[in-house]
Amino acid sequence: MKDRPLSRAFYERNTLLTACELLGKLLVRRTKEGIMTGRIVETEAYRSKDDPASHAYRGSTPRNRVMFDHGGLAYVYYVYGFHYCLNATTEVPGTAGAVLIRAIEPLRGLELMLRNRSLSSASPLENITNGPGKLTSAMSITTELNGTDLTSRGALFIRTSPLMKPFRVGTSGRIGVKSAYRRPWRFFIIGNRFVSRTKPRLKFAGQIRV
DNA sequence: GAGAAGATCTCCT
DNA sequence: GGAGATCTTCTCA
């Protein structure tokens, strides 16, 4: 029962709360080659009209339409001509919100992830998925998965992690955004070596014990 | 239709 | 720490 995908109700809530509570959950990717699993260790929250850094700031477009749909869908987009970024949509239909998954701790399917990233087995583990572009590359996540329902056992879903130890959550300004970067909407597991950047632009705005 | 910007990563210095 | 790679999306004329 505990390894069921997270429910729709989990996502259709406040985006910041969802971004924080996604930490420690397991991201599961199923492909023809095999299953890959990783623990989410870093997220960023993006909201709607009150968030200039969000794709949804200017309203609905063909690209960001998924953000305005149900919570619990995958929003995948292409950036810089090289990389894909994976988000989980939040909030109820009509209200835009998404949580960018910035980094995961690889748990299962390590060889497959290394192969997808063209890395050797000698590569540092934390180098495989410690960034939005890296984790999508490692898990073969592309825009083909845009709109995928994360609440059902399909090619991509997120589930609880029953063996997860208690951890502390750090917050900071979001990385790579030029507007509204002062908002501490980046969440990460303190002390986890798979977090993408340990020295963000804004120092810890706070800590949360989970 | 053209031009600019971009939620990144890797390599080089 | 900085620059370059390269393509989608959006804005503006």
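Salt bridges in a predicted model

Visitor: In this predicted model, which side chain does R13 meet in a salt bridge?
Guide: The bridge runs from N to O over 2.9 Å. A salt bridge needs such a pair within 4 Å. The partner of R13 is E21.

Visitor: Is E21 buried or exposed, or partly exposed?
Guide: Buried means under 20% relative accessible area and exposed means over 50%. E21 has 31% relative accessibility, and its partner R13 has a relative accessible area of 23%. E21 therefore counts as partly exposed.

Visitor: How many residues apart in sequence are the parts that R39 and E105 tie together?
Guide: R39 and E105 form a salt bridge, with the closest N and O atoms 3.6 Å apart. R39 lies in strand β2 (residues 35–46) and E105 in strand β5 (residues 98–108), so the pair ties together parts whose separation in sequence is 66 residues.

Visitor: Are R39 and E105 buried or exposed?
Guide: The cut-off for buried is under 20% relative accessible area. R39 and E105 are both classed as buried.

Visitor: Which strand holds R102, the salt-bridge partner of E44?
Guide: The side chains of E44 and R102 meet at 3.6 Å, N to O. E44 lies in strand β2, so the pair ties together parts 58 residues apart in sequence. R102 lies in strand β5.

Visitor: What is the relative accessible area of R102?
Guide: E44, at 0% relative accessibility, counts as buried. R102 is buried as well. The value for R102 is 6%.

Visitor: Which residues are linked with E44 and R102 in a network of salt bridges?
Guide: A search of the whole structure finds 10 salt bridges. The network that holds E44 and R102 also includes E42 and R186.

Conventions:
Residues are numbered from 1 along each chain as its sequence is written. Chains are lettered from A and ligands numbered from 1 in the order in which they are written. This is a predicted model: local features need pLDDT of at least 70, side-chain atom pairs count only at pLDDT 80 or more; totals for chains, interfaces and linings use all residues. Side-chain values use heavy atoms; hydrogens and water are left out. Buried means under 20% relative accessible area, exposed over 50%, partly exposed in between (1.4 Å probe, protein chains only). Helices (H or I, at least four residues) and strands (E, at least two) are DSSP runs, numbered from the N terminus.
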